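These are my notes on a structure that I looked up for its open and enclosed spaces, its core and its cysteines.

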Amino acid sequence: MENQVEEMICSLEHWFFKRDYRYIECNHVPASLFGKNPKINMILRTIYRLSSINLRPKTSIDNSPLTPQTQVALLKAYNLSNNLNVTKYLFERIQELVSPQTRNFALMQGIRISINLYENCPETPTPLNTVWFGQFLLDVPKQIITEDERKSSLLSICRYLVEELGYQDYGDNGIYFYYGPTLTKIIYNASAIISAFLIQVGHRYNIEQYSALGFRGISYIVNKQNDDGSWFYAASPEVPSIDCFHQSYVLQALHSAKELYPELVTNAIHRGEEYYRSMFTNKNRYIIPSRYDKRFTPRNTWLFQRLDGRDISEALIYFSRYSYDGQMLKGLIEYLYEKMYLPKSGYIAPEIFIYGRNRIPYSEFQAWYLYALYVVKSSFEKY
């Protein structure tokens, strides 16, 4: 397993180096094709998203815009690799992705995104990517940023989340942090991640306001857990649906709060992990994630996917860092290496559609894989 992990890391690093750490993302549609009708734009995006043949012209690929999903995931990966040169390079690049639409620090989308939940322009702030960048700031070495700069940036992110993004207060049931500036529908996983981040920053700098808001945010997520231990992707009136990697997101957030608030999250973690494990199939040498819970209607493109790369990358992170399981890791790595890794091309397939493997090397998937593989690699020294 260690040799397989090292080979995939080396391939991905070489692939990114050749492309200056940027490439198209799965939601990228040539900007010239978008019009004023959001529904038509959504259909256009869906066509591009579900095609396993790259329909984008070469000029659009060569001039792919910088996006925070890829850059932040790469920052987290190279930070684990202790490669200060690349980490510094990516960190400086992030400054190009600061949203001009906020008073405090927030990253922008980078590309125009049109999906059934919302349509955002490139400058629209992206809360989840901003928080993931904040997670990087919590761990980044002093060779990259001074302690004063770290604190200033982290507190600015928290002010953005609390004062600009905002939340819905449900009293004794807790609070919900919005998924995005234009979306009021409740998306559980994002609020969980935001809440856990506020707890971490509040505890680190002894800011009771952020700790308390984070606690209430996690309380809301615990209260919304289903009887079987799962969480829906979104709340009513959205159609109930459950998928694999978003369960991991929620569990990771709860684990992040466990050290400070064990009485709040321990039982929810136990029940949630029991459900999460039920979403994996042991087949020969492989551990294979289920894309979604078939008791419920799949969302958007889920119906066309047998596997999303994040189902594997987030499982690798979870079973390396939060609930170590060597057998799970071995089976997941075997499947990733033999069924999705494309050694001649130097990257990993982003997903498997019902009509075959997608060979378009979307950069955010490659970055998530690289980060997950580094998390796995770091677990070798511990276990």
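I began with the largest pocket of this predicted model, and found that it holds about 630 Å³ of space. I then listed the lining of this pocket, which has 26 residues; closest to the centre are Lys-76, Gln-135, Arg-321, Tyr-322 and Tyr-371. I sorted the lining by class and noted 15 nonpolar, six polar and five charged residues. I asked which helices supply at least two residues each to this lining, and recorded α4 (68-81), α6 (127-139), α8 (188-204), α10 (244-258), α12 (309-322) and α14. Of these, α4 gives the most, with six residues.

I next searched the whole structure for cavities of 30 Å³ or more, and three were found. The largest cavity contains about 710 Å³ of space. I noted 37 residues in its lining, with Asn-27, Tyr-118, Tyr-179, Tyr-233 and Arg-310 closest to its centre. By class, I recorded 17 nonpolar, 13 polar and seven charged residues around this cavity. The elements that supply at least two residues each are α2 (38-50), α6, α10, β7 (305-308) and α14. Here α6 gives the most, with four residues.

I also examined the second largest cavity, whose volume is about 40 Å³. I found it lined by Glu-25, Thr-67, Pro-68, Gln-69, Gln-109, Ile-111, Ile-113 and Asn-129. This lining has three nonpolar, four polar and one charged residues.

I turned to the largest nonpolar core, which has 135 residues; those touching the most other members are Phe-133, Leu-254, Phe-280, Leu-316, Met-340 and Leu-373. Helix α14 (residues 363-382) gives the most to this core, with 11 residues. I followed Leu-254 further, leaving aside its neighbours within four places in sequence, and listed its contacts as Ile-218, Ile-221, Val-222, Trp-231, Val-265, Ala-268 and Ile-269.

Finally, I looked for disulfides and counted zero. Cys-26 is in none, as the nearest cysteine sulfur, that of Cys-244, is 17 Å away. I recorded Cys-26 as buried, because its relative accessibility is 6%, under the 20% cut-off. Why does Cys-121 form no bond with the closest cysteine sulfur? That sulfur, in Cys-26, is 18 Å from the sulfur of Cys-121, which is too far for a bond. I entered Cys-121 as partly exposed, because its relative accessibility is 29%.

Terms used
Residues are numbered from 1 along each chain as its sequence is written. This is a predicted model: local features need pLDDT of at least 70, side-chain atom pairs count only at pLDDT 80 or more; totals for chains, interfaces and linings use all residues. Side-chain values use heavy atoms; hydrogens and water are left out. A nonpolar core is a set of buried Ala, Val, Leu, Ile, Met, Phe, Trp, Tyr and Cys residues joined through side-chain atoms within 4.5 Å. Buried means under 20% relative accessible area, exposed over 50%, partly exposed in between (1.4 Å probe, protein chains only). Contact means heavy atoms within 4.5 Å. On a 1 Å grid over the protein atoms alone, a cavity is a set of points where a 1.4 Å probe fits but cannot get out, and a pocket is an open set with protein on both sides within 12 Å along at least five of seven lines; lining residues have an atom within 4 Å of a point. Grid points are joined across faces, edges and corners, and a volume is the space filled by probe spheres set on the points. Ala, Val, Leu, Ile, Met, Phe, Trp, Tyr, Cys and Pro count as nonpolar, Asp, Glu, Lys and Arg as charged, and the others, Gly among them, as polar. A disulfide is a pair of cysteine sulfur atoms within 2.5 Å.
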